[in-house]
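The exercises below are meant to be worked with the sequence and the coordinates side by side. Try each task before reading the solution that follows.

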Amino acid sequence: MAVIRVELAGRGYDVHVGRGLLDEAGTLARDFIRKDRVSAVADSNSHAAHGAQLEAALGATGVSVDWFITQPGEGAKSWSVLEKLVDWLLDRGVERGDHIFALGGGVVGDLTGFAAAVLKRGCGFVQIPTTLLAQVDSSVGGKTAINTSAGKNLVGAFHQPALVLADTATLDTLPPREMGAGYAEVIKYGILGDAKFFAWCEVNGAKVTARDPAALEYAVTQSVKAKARIVAEDERETTGTRALLNLGHTFGHALEAETGFSEKLLHGEAVAMGMVLAARYSARRDYIALDDAARITAAIDRAGLRSEIASLGITCTGAELAAHMLHDKKMDAGTLPFILLRGIGEAFVDKHVSMEDVSAFLREQLQAH
């Protein structure tokens, strides 16, 4: 087991990574349990797969669990579900000193974290992520949000968890497609800031998605370490460092929007395709060599992830796809910063990108392959 400390100004929290952590939740989280009952949020899938295990772990320390169960999927990150959850927590007398448990993927963590951020002006929460994507990305760093009709994650708050328990054994029940989507966020850390880790992913990516225990724990641990370093330096995304974590997301969110934020394209799959597009666009602007862009594409392909827009079967134009980007929450003074590459392991923020050029690039990509 690994323990990674996320150091923040005057505070911090631990991220535990390893197999079997869920069985130890009562002991590992004991400092964050003040009563003999805790409130926990899960979707129906994570509750069915892991709810009884969490109940048993907490029950061994004399603590019982009240459950708020949502439907799986992005639909749970809505105003209506947030309202129901907050009312449910208030009905159970949750106080500012209490901690809510989030058992599930990124949707559950985002919803629970945002509810914790606004409930009585802020109470605590414990993340128990059960997807690879959540373990390496959304459970760490304190970004919480819900979706609105205007777009994804446009209403939210920075609210850090008190503890993260990333039990890699929970990934045993994850469908292969979800493992692939999570792996996109793993390899992202190599592409944006660690060429050696990217090279490790090139060799060991298949082991990670096949759930080899040692490879999986190493991948999650290294990913969390990378994110912890970035979050410690730029918690609220004010200096530009944390913005590097958005590599692939601007292109990816446009693809998600065009496919209706549906099962047609999972978030991690969109990020994977977005990283390929960011690499190719970086090559278009002569920031990186075409060989580097090809190497990134090959690594994405070897992981079983799609790299070509044509595979989505969408019929939009490049301009229409680029237009989705204008709703990006990173828009600043009418301009949209792009995370591009000067090389593998060298991401940077480019604030001088022409949207007309992006439209032309996307038109070419839609017509290619």
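**Exercise 1. The sheet**

In what order do the seven strands of the open sheet lie, and what kind of pairing does the sheet have?

*Solution.* Bear in mind from the outset that this is a predicted model. Tracing the open sheet across its seven strands gives the order β1-β2-β9-β6-β5-β3-β4, and the pairing is mixed. The edges are formed by β1 (2-8) and β4 (64-70), each of which pairs on one side only. From one strand to the next, the twist averages 20°.

A step further into the sheet, strand β3 (residues 37-43) and strand β5 (residues 99-104) run parallel and are joined by three bridges. Within this pair, alanine 40 stands opposite phenylalanine 101 in β5.

**Exercise 2. Helices on the sheet**

Determine which strands helix α4 touches, and then which strands helix α8 lies across.

*Solution.* Begin with helix α4 (residues 106-118), which packs on the sheet and touches β3, β4, β5 and β6 (124-129). The direction of α4 makes about 165° with that of β5; because an angle over 145 degrees counts as roughly antiparallel, α4 is roughly antiparallel to β5. Helix α8 (residues 213-233), in turn, lies across β1 and β2 (11-18), and runs at about 10° to β1.

**Exercise 3. Two helix crossings**

Describe the crossing of α3 with α4 and that of α7 with α11, giving for each the angle, the handedness and the make-up of the contact.

*Solution.* Take α3 (residues 79-91) and α4 to begin with: their axes come within 10 Å and cross at roughly 55°, which makes α3 oblique to α4. This crossing of α3 and α4 is right-handed. On the α3 side the contact is made by Val81, Leu82, Leu85, Val86 and Leu89, while α4 contributes Leu111, Thr112, Phe114, Ala115 and Val118. Sorted by character, the residues of this contact comprise nine nonpolar, one polar and no charged.

Turn next to α7 (residues 195-209) and α11 (residues 290-302), whose axes come within 9 Å and cross at roughly 40°, so that these two helices are also classed as oblique to each other. Here α7 passes α11 in a left-handed crossing. Phe198, Ala199 and Glu202 of α7 meet Arg295, Ile296, Ala299 and Arg302 of α11, and the residues of this contact divide into four nonpolar, no polar and three charged.

**Exercise 4. Two residues in their surroundings**

Locate glutamate 55 and threonine 131, and decide for each whether the side is buried, partly exposed or exposed.

*Solution.* Glutamate 55 is found in helix α2 (residues 44-59). With a relative accessible area of 36%, glutamate 55 is partly exposed, because that class lies between the limits of 20% and 50%. Leaving aside residues up to four places away in sequence, glutamate 55 touches Val63, Val65 and Trp67. Glutamate 55 is also 9.4 Å from alanine 25 in space, C-alpha to C-alpha, although the two are 30 residues apart in sequence.

Threonine 131, by contrast, belongs to the loop between β6 and α5 (132-138). Its relative accessibility is 15%, so threonine 131 counts as buried, the cut-off being under 20%. With residues up to four places away in sequence again excluded, threonine 131 touches Gly104, Gly105, Gly106, Leu171 and Leu174.

Key. Residues numbered from 1 in each chain as written. Predicted model: local features only at pLDDT ≥ 70, side-chain atom pairs only at ≥ 80, totals over all residues. Heavy atoms only, no water. Helix = DSSP H or I, 4+ residues; strand = E, 2+ residues; numbered from the N terminus. Buried < 20%, exposed > 50% of the residue type's maximum accessible area, 1.4 Å probe, protein only. Contact = heavy atoms within 4.5 Å. Pairing = 2+ DSSP bridges. Axes fitted to C-alpha atoms, helices over the stretch in contact; angles between N-to-C directions. Parallel < 35°, antiparallel > 145°, perpendicular 65-115°, else oblique. Left-handed = near helix turned anticlockwise from the far one by under 90°. Nonpolar A, V, L, I, M, F, W, Y, C, P; charged D, E, K, R; others polar.
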